[in-house]
2 protein chains.
Amino acid sequence: MKHSLVRHTIIETASRLFYEKGYNLTGINEIIKEAGIAKATLYSHFKSKEDICIAYLQYKDQLFFEELKPFLEAYPKGKERLLGLFDFLAAFYAGANFNGCWCLNTISEIPQDNKRIREVIQHGKSTLIQYIEELVAEDTQKDQETIKVLARQLYVLYEGGLSESHLHQDPWPIQTAHSLCKKLIT
Amino acid sequence: MKHSLVRHTIIETASRLFYEKGYNLTGINEIIKEAGIAKATLYSHFKSKEDICIAYLQYKDQLFFEELKPFLEAYPKGKERLLGLFDFLAAFYAGANFNGCWCLNTISEIPQDNKRIREVIQHGKSTLIQYIEELVAEDTQKDQETIKVLARQLYVLYEGGLSESHLHQDPWPIQTAHSLCKKLIT
DNA sequence: TCAAAAACAGACAGACTTGTCTATTTTTAA
DNA sequence: TTAAAAATAGACAAGTCTGTCTGTTTTTGA
C-alpha cells in the first residue's frame, strides 16, 4: 500500500472506532487489527495515540463541512438555509452510527490540562460559528454585531439539540431546536 | 468508621474524582487511596465500579436539586425564576471545579450498549425537564401542551449553554442562553 | 463482656494498555 | 535493476486496570 494511503487508512479506521466506542475504550491494538497494518507501521505515521486523536478530530471536522456545505446549498439563501442547518442535524441523527458530537465526547475523555486536544476542538467549533455567521449574513441586511449575536444563538441551539438528542436517544431536542430557530429568525 | 459513613465517604470521593478526571481515567485504587479505606471495604459496599458510577450519578443529581431549588426560591415565581435558572448555571460555571455536565461526560465514556447507566442518566434529565415544567407552570396561565413545549425549549437552551461553556471554557454560551430565554418568555 | 460484623493491608490473578524494538520481507522509484 | 524506503509479524517492557482472596485487627451493640 502506498505511504499516504496507509496514513489515510489509519485515520479512517481510528476515526470510526474512536467515534463508535470512545477514545479511551479504543486500543492501539484494535486499530491496527481493523486497519490490517502492523504496529510499527502505525507508529511510523503517528508518534502517539494522542496524535491520532488530533488527526481524528480534524478528519471528522473536514468530513462534516464537506457534507454540510453541499447540503445547505440546496436551500435558498437566507432563512430557509438557516433552518436547513437543523434539517442537516436531523439527518445526521437519523443516519447510521450516530453517537453525538465527537468534540464533546472527546473533551469528556481527556484530562482537563490537555491543551493540545482542547485547542483543536475549540478551533473546529469556532469554524462552525464563523460558518453560521456567513449563513446569517446571507439573510436580510444586518449590522456585524447583530450577525454575531444571532449566529451564536443558533450555534447554542444547534449544539443543545445535538447533544440532547444523543443523550435521550430521541430526535425531539433537534426538533425543538428547529422550531426555536424558526421563531428566532422570523 | 460507621458502616453508612464509609459508604458515603466512598460516594463522595468517587464523585469528586469521576467528575474531575472522568470515569475511565479514575481507578479503583485511586478512590480507595483518597478515601482512606481498604479495597475489600469498597467491594463490600459496591459490587463493581459500574455500581459506584450509578451511585455517583444519583448523588450528583441529588446535590444538584438540593442547590438549585433554594437558589430559585429566592426569585419571584414566574418569568424571573425561569431566568434564575440561567443565573444558577452561570454560578455553577464560575464555581470551583466546574467540568461540564456529568451526565454528558459519563455518556461519552461508557459503551453504547450500557443500558443500565444510560437509564439512570436519562431519568435524571427527565426529572430536570419535569422541574422546569413546574417552573413554567408557575408563570402566567397556559395549557398543558404549551407548558411542555416551552419547558423543553428552555431545557435545550440550558443544556446547550452548559456544554458549550464547558467546551469553550468561557461563559458566553450561558449568557447567550440567558438572553434567548428572556426573548422566549417575554 | 463477648460474639458478630466490619474494616484493615496488601498480595495476587489475569487481562489489558501504550510504545519500542528486532529482524525480515515487500514495495517503490529512479 | 537495484538501493532505499516502507511495511511486516510479533516479542517485549513496564505499566495500568478491576476484582478476589487471605488473614488480622478493630469496632459495634446487646
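The following exchange concerns a predicted model of two protein chains and two DNA strands.

Colleague: How are residues, chains and ligands labelled, and which confidence limits apply to this predicted model?
Modeller: Residues are numbered from 1 along each chain as its sequence is written, while chains are lettered from A and ligands numbered from 1 in the order in which they are written. In this predicted model, totals for chains, interfaces and linings use all residues, whereas side-chain atom pairs count only at pLDDT 80 or more and local features need pLDDT of at least 70.

Colleague: What is the secondary structure of chain A?
Modeller: Helices (H or I, at least four residues) and strands (E, at least two) are taken as DSSP runs, numbered from the N terminus. Along the sequence, chain A reads α-α-α-α-α-α-α-α-α. Its C-alpha trace spans about 55 × 35 × 30 Å along the principal axes. The count for chain A is nine helices and zero strands.

Colleague: What percentage of the residues in chain A is buried?
Modeller: A residue is buried if 20 or more other C-beta atoms lie within 10 Å of its own, exposed if 12 or fewer, and partly exposed in between, with C-beta atoms placed from the backbone. Chain A has 186 residues, and the buried share is 30%.

Colleague: How far apart are the C-alpha centres of domain 1 and domain 2 of chain A?
Modeller: The domain bounds, which come from an automatic or database domain assignment, are 1-47 for domain 1 and 57-185 for domain 2 of chain A. Seven residues from domain 1 and eight residues from domain 2 form the contact between them, where contact requires C-beta atoms, placed from the backbone, within 7 Å. The separation of the two C-alpha centres is 27 Å.

Colleague: Which operation relates chain B to chain A?
Modeller: In general, two copies of a chain are related by a rotation about an axis and a shift along it. Superposition is by least squares on the C-alpha atoms of residues with pLDDT of at least 70 in both copies. Chain B falls on chain A after a rotation of 180° with 0.0 Å of shift along the axis, at an RMSD of 0.0 Å. The copies are therefore related as by a two-fold rotation axis.

Colleague: In chain B, which residue has its C-alpha nearest the axis?
Modeller: With a rotation of 180° superposing chain B on chain A, the distance from the axis to the nearest C-alpha of chain B is 1.9 Å. That C-alpha belongs to B:G160.

Colleague: Which helix gives the most to the side of chain B that touches chain A?
Modeller: The interface joins 32 residues of chain B to 32 residues of chain A. At least two residues each come from α6 (102-109), α7, α8 and α9 of chain B. The side of chain B has 13 nonpolar, 13 polar and six charged residues, where Ala, Val, Leu, Ile, Met, Phe, Trp, Tyr, Cys and Pro count as nonpolar, Asp, Glu, Lys and Arg as charged, and the others, Gly among them, as polar. With eleven residues, the leading contributor is α8(B).

Colleague: Which residues come nearest DNA strand C?
Modeller: A residue is near a strand if its C-beta atom, placed from the backbone, lies within 6 Å of it. Both chains take part: α2 (28-35) and α3 (39-45) of chain A and α1 (3-21) and α3 (39-45) of chain B each supply at least two residues. The surface near DNA strand C has eight nonpolar, six polar and five charged residues. Of the 19 residues around this strand, those that come nearest are A:G27, A:A40, A:K49, B:I37 and B:T41.

Colleague: Which helix gives the most to the surface near DNA strand D?
Modeller: Around DNA strand D there are 18 residues, of which A:I37, A:T41, B:G27, B:A40 and B:K49 come nearest. By class, this surface has eight nonpolar, six polar and four charged residues. Supplying four residues, the main contributor is α3(A).

Colleague: Which residues of α5(B) are buried?
Modeller: Helix α5 (residues 79-94) of chain B has 16 residues and reaches 23 Å from its first C-alpha to its last, close to the expected 22 Å; the expected span is 1.5 Å times one less than the number of residues. Its buried residues pack against α4 (49-73), α7 (115-138), α8 (144-168) and α9 (172-185) of chain B. They are B:L82, B:L85, B:F86 and B:L89.

Colleague: Is B:N97 buried or exposed?
Modeller: B:N97 lies in the loop between α5 and α6 of chain B, and its phi is positive, near 65°, although the residue is not a glycine. Because 8 other C-beta atoms lie within 10 Å, B:N97 is exposed.

Note on methods:
Contact = placed C-beta atoms within 7 Å.
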